[in-house]
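Me: I am new to this structure. Walk me through it, and tell me how each label is earned.

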There are 2 protein chains.
Amino acid sequence: MRLELPANTERFGANTFHHIQKVFEMDGGYEMDAEFSSPFHIIQQISREQIYHIERDMAIVIPVKNERLRLLEGVLSGIPHDCLPIIVSNSQREPVDRYRMEQAMVDTFCRYAKKRYVIAHQRSPELAKVFRDGNYPHLLDENGLVHNGKAEGMLAGITLAHLSGKKYVGFIDSDNYFPGAVFEYARLFSAGLSQSRSPYSMVRIQWQSKPKIVDSELYFAKFGRVSRITNHYLNSLLSHYTGFETELLRTGNAGEHALSMALALRLDYSAGFSIETYHFVSLLEKFGGVIPSPFPEVMKSGTDIYQMESRNPHLHDADKGNDHIKEMIEYSLGVMFHSPLCPENVKKEILQELRAGKIIGKNADPVLPRRYPALVNLDFKTAARTTDWQRHGNFIPA
Amino acid sequence: MRLELPANTERFGANTFHHIQKVFEMDGGYEMDAEFSSPFHIIQQISREQIYHIERDMAIVIPVKNERLRLLEGVLSGIPHDCLPIIVSNSQREPVDRYRMEQAMVDTFCRYAKKRYVIAHQRSPELAKVFRDGNYPHLLDENGLVHNGKAEGMLAGITLAHLSGKKYVGFIDSDNYFPGAVFEYARLFSAGLSQSRSPYSMVRIQWQSKPKIVDSELYFAKFGRVSRITNHYLNSLLSHYTGFETELLRTGNAGEHALSMALALRLDYSAGFSIETYHFVSLLEKFGGVIPSPFPEVMKSGTDIYQMESRNPHLHDADKGNDHIKEMIEYSLGVMFHSPLCPENVKKEILQELRAGKIIGKNADPVLPRRYPALVNLDFKTAARTTDWQRHGNFIPA
């Protein structure tokens with residue numbers, strides 16, 4: 001890959017938030033051009049070796065829920081071979097067992113491609129046992145199974161990635177129509193993470209555009225309504241502390257993102273549509289220096305949060321209605337509103353936004369989504385031993 | 001890349017037409033898996049080295065005509081670094097000089113990416129001089145300039161690729177919305193060509209699907225009307241000679257294709273929308289063994305024609321009306337109809353098809369598009385010397 005260096009950054013405590021980076025070439029060439037190692041060069045060439053060093057240690061979690069199988073197959077074909085796909089499915093089991101169909105398709109595909117993979121059903125007792133035995137009951141519901149929800153599937157994915165010995169974990173949606181876009185996301189994860197000298201790093205993708213059908217024509221919208229609002233308030237929050245207005249944060253709802261495992265295990269998570277926005281809130285709370293950090297090692301090394309603009313538009317299957325958009329806005333702003341870091345003036349603006357948009361009632365506060373403490377609290381050793389998870393039918397050995 | 005071996009083939013004289021090949025992984029992994037070199041394996045892994053050996057010798061010709069600049073920039077970002085993009089533009093020069101804008105954008109992009117490129121205007125006197133000095137007047141019109149038309153731009157592209165010392169030449173349209181799809185096409189060109197042991201090889205891409213907007217929803221059509229008809233008659237033509245009905249030919253109108261230069265210089269070409277279909281006709285005529293071949297060296301080595309199904313759908317800008325589709329059908333069937341190889345029964349069916357579809361009049365025959373003799377007739381040495389083309393402003397040195 002050839003991409004620009006991040007032109008500027010915002011710092012908040014131990015966090016470094018990097019400006020959006022532009023991609024020039026999806027493939028940067030076989031040979032390394034020595035000129036790019038010059039300290040005066042603003043473009044960088046990420047070598048195939050650098051990418052491989054990340055990919056062989058990276059799991060790509062693909063949350064699935066009743067998606068079309070042909071789309072999931074396309075997504076698999078776009079994931080670089082050296083990454084381990086981890087499919088966490090919450091698809092229906094009856095009357096038609098869609099999960100069984102997914103298993104069959106993934107297994108056939110991976111036999112042909114000779115690709116290792118992990119697949120698990122989110123509501124299987126075997127997956128629940130990992131969290132029970134690891135003494136992390138937070139993710140389990142009253143039936144002792146992993147909670148429903150995409151965020152919860154993502155947490156299960158991080159857990160399976162760590163159990164598989166992976167050092168990086170990325171997330172890609174299963175309903176993407178363009179394997180070439182999936183491929184670019186995965187490569188951007190590796191390129192982005194390879195830039196960091198800290199063990200605590202994250203890459204978040206801003207899509208080039210998101211095509212919509214308007215009057216029987218494709219319109220390539222740049223920012224969705226949810227992103228526009230989320231990013232505005234995230235930047236307000238940041239600006240309040242730095243004293244300088246900024247619009248650097250552009251990826252408050254980035255579903256396509258990847259983290260180093262060391263960071264993934266130390267963040268708190270939030271349920272529902274707020275999980276991506278809450279990454280930022282958790283970074284500011286835990287490593288911002290305002291609230292004492294439970295992880296002095298992170299305070300020392302610092303975090304690197306990269307934002308990268310994909311060259312590919314994002315064309316996916318799900319068609320989200322207006323109610324869904326309202327819910328996303330409420331959840332995204334809710335996690336900021338309820339943060340102890342949120343200053344009064346930003347709280348007031350958030351309430352105004354949500355009330356004026358009739359997203360919450362006149363006197364109501366936004367919801368406080370369920371939170372999950374850092375996964376570092378899970379006893380992975382015990383869980384790995386007692387659940388013997390890699391031998392089990394639901395978890396095909398990676 | 002990981003892709004299946006072509007499961008079966010049709011042979012016609014010295015031509016080998018390979019069955020559509022399926023792609024499993026856009027990236028096949030950093031390390032080579034020895035198992036794939038087993039003679040009993042039906043999947044192959046194309047190494048990064050094999051791809052590089054083709055890419056460094058491959059030019060990608062991008063015909064442009066008043067396309068949106070942001071789409072062209074996206075296409076450039078998807079072309080692997082080691083390929084040489086050759087932009088042949090027939091964009092307007094007044095009242096707004098769109099070609100100047102293209103030059104400026106391409107130059108800026110390639111400076112950042114440090115990518116070599118060639119750009120030329122189809123109607124420039126400098127480009128015409130190559131064909132005049134090379135004693136290949138066929139491509140020039142009454143004004144002494146290269147004929148208008150996409151096919152003619154493609155021929156100019158092959159010529160510039162050969163002058164640039166390239167051994168392979170591929171074609172990618174400039175109005176593709178997904179750089180990731182462009183990337184896959186280019187990689188399929190290399191993967192496909194790397195399979196051949198003959199110096200005379202070609203790769204043709206069948207798109208996974210071509211999304212259309214139907215009732216405000218995307219519909220992923222598999223075959224366009226033109227392709228369906230063209231492929232049907234190409235297969236009839238082939239079947240007539242082999243005596244076995246076949247539907248192996250699936251890429252009769254494949255705009256995305258690549259050829260070894262040795263083959264590109266020895267085919268005849270046809271103007272207008274028939275250029276891709278005429279590839280097959282020219283292969284059958286020149287190397288089919290029915291008509292004596294002007295190139296005994298090709299008869300000896302044979303040709304390898306690969307067809308590969310991309311994983312990416314093809315989403316592009318141009319929206320073609322019904323008249324355009326009728327014209328494409330007439331041209332595609334016209335080149336078959338007028339071939340000395342076309343048997344009477346196929347001719348009759350073609351006439352029926354065109355007349356019943358009201359594409360041609362009741363007693364009319366399809367057009368015979370203008371033809372261009374093989375470019376091997378062009379005196380490249382003289383042209384390269386007298387036109388000093390690489391120094392000229394319109395041809396930025398590669």
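Me: What makes E2(B) and strand E3 of chain B a pair?
Reply: This is a predicted model. Two strands pair if there are at least two bridges between them. E2(B) and E3(B), residues 15–18, have four, in the antiparallel sense. So they count as paired. B:Thr9 stands opposite B:His18 in E3(B).

Me: What joins E2(B) and E3(B), and which residue in the turn has a positive phi?
Reply: They form a hairpin with two residues between them. B:Gly13 in the turn has a phi of about 60 degrees.

Me: Which side chains of strand E2 of chain B are buried?
Reply: B:Glu10 and B:Phe12 point to one face and are buried. B:Thr9 and B:Arg11 point to the other face and are not. In a regular strand the side chains alternate between the two faces of the sheet.

Me: Why is the pair B:Arg187 and A:Asp27 called a salt bridge?
Reply: The rule asks for a side-chain nitrogen of Lys or Arg within 4 Å of a carboxyl oxygen of Asp or Glu. Here N to O is 2.9 Å, so the pair qualifies. B:Arg187 lies in helix H6 of chain B, and A:Asp27 in the loop between strands E4 and E5 of chain A, so the pair joins two chains.

Me: How do you know whether B:Arg187 and A:Asp27 are buried or exposed?
Reply: Buried means under 20% relative accessible area. B:Arg187 has 5%, so it counts as buried. A:Asp27 has 8%, so that residue is buried as well.

Me: What is the partner of A:Asp27 in chain B at 3.1 Å?
Reply: B:Arg48 meets A:Asp27 in a salt bridge. Salt bridges that share partners join A:Asp27, B:Arg48, B:Glu55 and B:Arg187 into one network.

Me: Why is B:Asp133 called partly exposed?
Reply: Partly exposed runs between the 20% and 50% cut-offs. B:Asp133 has 21%, so it falls there. B:Lys129, at 28%, does too. These two form a salt bridge, with the closest N and O atoms 2.5 Å apart. Both lie in helix H4 of chain B, four residues apart, about one turn of the helix.

Me: How many salt bridges does the rule find across the interface of chain B and chain A?
Reply: It finds 14. Over all chains the count comes to 42.

Me: How many residues does each chain give to the contact?
Reply: Chain B gives 46 and chain A gives 46. The area buried between them is about 4,400 Å², with 62% from carbon and sulfur atoms. B:Tyr30, B:Tyr112 and B:Phe178 supply 16% of the area that chain B buries against chain A, more than any other three residues.

Notes
Residues numbered from 1 in each chain as written. Chains lettered and ligands numbered in written order. Predicted model: local features only at pLDDT ≥ 70, side-chain atom pairs only at ≥ 80, totals over all residues. Heavy atoms only, no water. Contact = heavy atoms within 4.5 Å. Buried area = accessible area lost by both parts, 1.4 Å probe. Buried < 20%, exposed > 50% of the residue type's maximum accessible area, 1.4 Å probe, protein only.
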